[in-house]
Amino acid sequence: MKNYFYLLIVVCSAFAKAQTSRAYSNEFLNIGVDAAALGMSNAVVASSNNVNSVYWNPAGLMKMEEQEVSLMHSSYFANIAQYNYGAFAMPIDDVSAFGFSVIRFSVDDILNTTQLIDDQGNINYDRISTFSTADWAFTFSYAREAKLDGFSYGVNAKVIRRVIGEFANSWGFGFDVGLQFKRGDWQVGLMARDITTTYNTWTINEEKFAEISGAVENQNQELPETTEITLPKLQLGLARTFTFHYDHKLTAEVDLNMRFIQTNDIISSSAVSATPALGLEYGFTDLVFVRAGVGNFQNIQQLDGNDSTTFQPNIGIGFKYKGISVDYALTDIGDSSEALYSNVFSVNIDLSVFNR
């Protein structure tokens, strides 16, 4: 089975590179969900065990015992962009589980100045309008327990909808495959995203394109490509939980996030690029949690031509009481990476709490 799985990744990657592929495509799906996971720098592929496994690793849904709901909101780029997420998951029976999630990443009230100057060269501010851009992702997850003790697997089917005002819109489809194995205090996880490559097919409003096609000489003369392909990504994780005096638990996980294309990741070649992530979670009586992590190691070339390595540290806290978890994460502490820091809040609810 492992040989067929590896072959599938290689074939899909080779096929995708022959098409219109991008090093960074559908990047809003790589931001991450759940403040608890973000506080650990997304190093949760092996340890994910609740409703948010629909995103991190659908195999983790098999660790759920009741129906769960998760909600998250965060803002990026000084509140310009809004990221919202909601998920629901439930066990089907003793050996299978189901989940569903929605992600919306949007920027609203963008100024459209393409008609600011009329045909006579006059500036008319009344010709300025606004539009919004939104990226949507709908994910359907199914997980199942294997006959091998401690082993589970899951599949995601994704539908992606992207809208750029009246200018263009697209539909995309893709699949993820996840595996988890637990033995004692050790956990191993694998998540293959966009395993068959994810295709986005764009529809461009040719009338709107015609309005700007001659605005700059020798630019925007032809319609952009209408097919965008997201290459597969592979995440490997190893986690262990340490228990001290029953009431104290420490979970540590290290992940390796790989893309099958050359990027600025700290490990990079023409065939594959990879960056590690490390996450820690300390829990006291399953009530209070403190988290920290570091990841997203990148090689960045400075203006003077020298290379430097950047990384993204995260911290977070969480509280859980009677099946309701409230979590907070602060990402990019001290502006150590190129991105601005963000505050992330999320709520997880075990729906069985309402039946007590």
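Reader: Where does isoleucine 317 lie?

Author: Look along strand S16, because that's where isoleucine 317 lies. Keep in mind that this is a predicted model.

Reader: Is isoleucine 317 buried, partly exposed or exposed?

Author: Relative accessibility is the value to look at here. Isoleucine 317 comes out at 38%, so it counts as partly exposed.

Reader: Which residues make the nonpolar surface patch?

Author: Tyr282, Phe284, Leu287, Val288, Val290, Ile317, Phe319 and Tyr321 make a nonpolar patch of about 700 Å² on the surface. Strands S14, S15 (288-301) and S16 (307-321) each give two or more residues to the patch. S16 gives the most, with 3 residues.

Reader: Let me step back. How many helices and strands does the protein have?

Author: You'll find 4 helices and 18 strands. Of the 356 residues in the protein, 44% are buried. The protein exposes about 19,000 Å², and carbon and sulfur atoms supply 59% of that area.

Reader: And what share of the contacts join residues at least 24 apart?

Author: Take the contacts between residues at least 6 apart in sequence: 56% of them join residues at least 24 apart.

Reader: Now the inside. Which residues of the largest nonpolar core touch the most other members?

Author: A nonpolar core is a set of buried nonpolar residues joined through their side-chain atoms. In this protein the largest one has 31 residues, and Val33, Tyr83, Tyr85 and Ile103 touch the most other members. Two or more core residues come from each of these elements: helix H2 (35-39), helix H3 (53-56), and strands S2 (68-76), S3 (81-93), S4 (96-112) and S5 (129-145). S3 supplies the largest share, 5 residues. There's also a second, separate core of 11 residues, with Ala146, Leu179, Leu234 and Ala274 among them.

Reader: What does tyrosine 85 touch?

Author: Leaving out residues up to four places away in sequence, tyrosine 85 touches ten you can click through: Val33, Val51, Asn52, Val54, Ser70, Leu71, Met72, Ser101, Val102 and Ile103.

Reader: Serine 273 caught my eye. Is serine 273 buried or exposed?

Author: Serine 273 is buried, with a relative accessible area of 1%. You'll find serine 273 in strand S14 (residues 273-284). For polar side chains, look at the polar atoms around them. A polar atom of the serine 273 side chain lies 2.7 Å from the backbone oxygen of isoleucine 261. The side chains of serine 273 and serine 268 are joined by a polar contact of 3.2 Å. Beyond its neighbours within four places in sequence, serine 273 has contacts that include Asn257, Met258, Arg259 and Thr263.

Reader: What about asparagine 112: buried or exposed?

Author: With a relative accessible area of 12%, asparagine 112 is buried. Asparagine 112 is found in strand S4. Not counting residues up to four places away, asparagine 112 touches Arg127, Ile128, Ser129, Thr130, Phe131 and Phe167.

Reader: And glutamate 225, is it buried or exposed?

Author: Glutamate 225 counts as exposed, at 52% relative accessibility. Glutamate 225 has its place in the loop between helix H4 (206-212) and strand S10 (227-230). From C-alpha to C-alpha, glutamate 225 and threonine 201 are 9.2 Å apart in space, with their positions 24 residues apart in sequence.

Reader: How many salt bridges are there?

Author: Side chains of opposite charge can pair when their charged atoms come close. The count here comes to 9 salt bridges. In one of them, the side chains of glutamate 27 and arginine 259 meet at 3.3 Å, N to O. Glutamate 27 is in the loop between strand S1 (21-22) and H2, while arginine 259 is in strand S12 (residues 248-259), so the pair ties together parts that are 232 residues apart in sequence. Glutamate 27 counts as partly exposed, at 30% relative accessibility, whereas arginine 259 is buried, at 16%.

Reader: Which residues does the 3.6 Å salt bridge join?

Author: Arginine 162 and glutamate 228. Arginine 162 sits in strand S6 (residues 151-164) and glutamate 228 in strand S10, 66 residues apart. Both are buried.

Reader: Which residues are linked in a network of salt bridges?

Author: Lys158, Asp176, Asp194 and Lys233 are linked that way. Have a look, too, at glutamate 281 and arginine 291, whose side chains meet in a salt bridge of 2.7 Å, N to O. Glutamate 281 belongs to strand S14 and arginine 291 to strand S15, and both residues are buried.

Methods:
Residues numbered from 1 in each chain as written. Predicted model: local features only at pLDDT ≥ 70, side-chain atom pairs only at ≥ 80, totals over all residues. Heavy atoms only, no water. Buried < 20%, exposed > 50% of the residue type's maximum accessible area, 1.4 Å probe, protein only. Polar contact = N/O pair within 3.5 Å; in protein donor to acceptor, adjacent residues only side chain to side chain. Contact = heavy atoms within 4.5 Å. Core = buried A, V, L, I, M, F, W, Y, C linked by side-chain atoms within 4.5 Å. Patch = residues over 30% accessible without salt bridge, like charges linked within 9 Å, V, L, I, M, F, W, Y side chains within 5 Å. Areas by Shrake-Rupley, 256 points an atom, 1.4 Å probe, with all protein chains shown as cover. Salt bridge = Lys/Arg side-chain N within 4 Å of Asp/Glu carboxyl O.
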